[in-house]
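Here are some worked exercises to try with the model open beside you. Take each task on your own before reading its solution.

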Amino acid sequence: MKLLENKVALITGASRGIGRGIATTFAKHGANVAFTYLSSPDKAAELENELKQFGVKAKGYKSDASDFKASEELIASILSDFGQLDVVVNNAGITRDNLLMRMTEDQFDEVIKTNLKSVFNITKNCQKQMLKQRSGSIINITSVVGDKGNAGQANYAASKAGIIGFTKSIALELGSRNIRCNAVAPGFIETEMTGALDPTVVKGWIDAIPLKRACTAEDVANLVLFLASDLSTYLTGQLIHINGGMYT
Ligand code: NAP
């Protein structure tokens, strides 16, 4: 059964990692997919072709989610290309880890702007169309760290905690118009973002996970698919953890 037929979805930061997994899962389920990237044009072109193999419309847009004007132009281009917008996944994110003692102002600002302000930029610019359609599902990718905190990631944790508050507020504001907004908090996922970590640190984390494995992009994509689809029409304002039981 295809869950997203006749829907148009935007996924930010889909050239790699979790975003790419979500875009692929959505296309498999019949969605027409608009996605963004920032610095990986080759990977984006490759993904666009892969998605089209599922018989859906797909287009990658180079767009900086942290830039309000660029986000406004992005949504206008998507509406002109696709004609509607039903699902938005705010996924683009970065880390600039450091202990507070060493963290620079730039490292703090860059992470807040890319991870948190981007969610405002995209959501604000897509709400008009969703209000017009009287339906929509917005899914914001936060992190276990946004709920739990993490030493060495004060900037990242603050950005991800901000997303949780933003999500709950938007769910309250837009619920009466049938626009839903939920947050997904993955635990430890092996992607390029975590590939830079020391392997012994990674092993220590996996040993501490009750399900004894890292989460995959596909695990997250399946949860996001559920939230995007009409299987979850009574679900809004929620923070849903997906972490193999590592934080319960
Ligand atoms: P990733 O592999 O590093 O990929 C990040 C994606 O975001 C790339 O497609 C990148 O595009 C894009 N991006 C970065 N800055 C952008 C900007 N300003 N505008 C538009 N796109 C931008 O990351 P990931 O591990 O898949 O993480 C995806 C999301 O899940 C993030 O929000 C992250 O915080 C969250 N998360 C990750 C983990 C984990 O363990 N990996 C755990 C919990 C939550 P380019 O390649 O074109 O630059």
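**Exercise 1: Reading the sheet**

Start from one pair of residues: Ala183 stands opposite Leu239 in β7. Keep in mind that this is a predicted model.

Task: Work out which order the strands of the open sheet follow, and which strands stand at its edges.

Solution. Begin with the pairing around β6. Strand β6 (residues 179–186) pairs with strand β7 (residues 239–242) in the parallel sense, over 4 bridges. A further pair to look for here is Pro186, which stands opposite Ile242 in β7.

Next, turn to the other neighbour. Strand β5 (residues 136–141) pairs with β6 in the parallel sense over 6 bridges. Here Ile139 stands opposite Asn182 in β6.

Now extend the view to the whole sheet. It is open, has 7 strands with parallel pairing, and runs in the order β3-β2-β1-β4-β5-β6-β7. The edge positions belong to β3 (58–62) and β7; each has a single partner strand, so one side of each has no neighbour in the sheet. From one strand to the next, the twist averages 20 degrees.

**Exercise 2: Two strands, two patterns of burial**

Task: Find which side chains of β7 are buried and which are not, then find how many residues of β6 are buried.

Solution. A general rule helps first: side chains in a regular strand alternate between the two faces of the sheet.

Apply that to β7. Ile240 and Ile242 point to one face and are buried, whereas Leu239 and His241 point to the other face and are not buried.

Then take β6. From this strand, Ile179, Cys181, Ala183 and Ala185 point one way, while Arg180, Asn182, Val184 and Pro186 point the other way, and all are buried. The count for β6 is therefore 8 of 8 residues buried, where buried means under 20% relative accessible area.

**Exercise 3: The ligand site**

Task: Describe which residues come nearest to the ligand and how much of the ligand the protein buries.

Solution. Start with the shell. There are 29 residues around the ligand, and those that come nearest are Ser15, Ser39, Ser40, Tyr156 and Thr191. Sorted by class, the shell has 12 nonpolar, 14 polar and 3 charged residues.

Then look at individual atom pairs. In the side chain of Ser39, an N or O atom is 2.6 Å from an oxygen atom of the ligand. For Asn91 the backbone is involved: one of its N or O atoms lies 2.7 Å from a ligand oxygen atom. Arg16 places a polar side-chain atom 2.8 Å from an oxygen atom of the ligand.

Now consider coverage. The ligand taken alone exposes 910 Å², and the protein buries 96% of that. Finally, ask which elements give two or more residues to the shell: these are α1 (17–28), α6 (154–174) and α7 (192–195).

**Exercise 4: Backbone angles in loops**

Task: Locate Arg134 and Lys212 and inspect the phi angle of each.

Solution. Arg134 is found in the loop between α4 (105–133) and β5. Its phi is near 55 degrees, a positive value in a residue other than glycine.

Lys212 sits in the loop between α8 (199–207) and α9 (217–228). Lys212 is not a glycine either, yet has a positive phi of about 55 degrees. With a relative accessible area of 52%, Lys212 is exposed, because the cut-off for that class is over 50%.

**Exercise 5: Two more residues to classify**

Task: Is Gln153 buried or exposed, and what does the side chain of Gln153 contact? Then classify Glu5 by its accessible area.

Solution. Gln153 lies in the loop between α5 (144–148) and α6. Its relative accessibility is 10%, so Gln153 counts as buried. The side chain of Gln153 makes a polar contact with the side chain of Asp97, at 3.1 Å.

Glu5 lies in the segment before β1 (8–11). At a relative accessible area of 47%, Glu5 is partly exposed. To place Glu5 in space, use Asn49, 44 residues apart from it along the chain: the C-alpha atoms of the two are separated by 19 Å.

Methods: Residues are numbered from 1 along each chain as its sequence is written. This is a predicted model: local features need pLDDT of at least 70, side-chain atom pairs count only at pLDDT 80 or more; totals for chains, interfaces and linings use all residues. Side-chain values use heavy atoms; hydrogens and water are left out. A residue is near a molecule or strand if one of its heavy atoms lies within 4 Å of it. A polar contact is a pair of N or O atoms within 3.5 Å; within protein, one must be able to donate a hydrogen and the other to accept it, and residues adjacent in sequence count only if both atoms are side-chain atoms. Accessible areas come from the Shrake-Rupley method with a 1.4 Å probe; for residues, only the protein chains shown count as cover. Ala, Val, Leu, Ile, Met, Phe, Trp, Tyr, Cys and Pro count as nonpolar, Asp, Glu, Lys and Arg as charged, and the others, Gly among them, as polar. Buried means under 20% relative accessible area, exposed over 50%, partly exposed in between (1.4 Å probe, protein chains only). Two strands pair if DSSP finds at least two bridges between them. Axes are lines fitted to C-alpha atoms, for helices over the stretch in contact, and angles run from 0 to 180 degrees between N-to-C directions.
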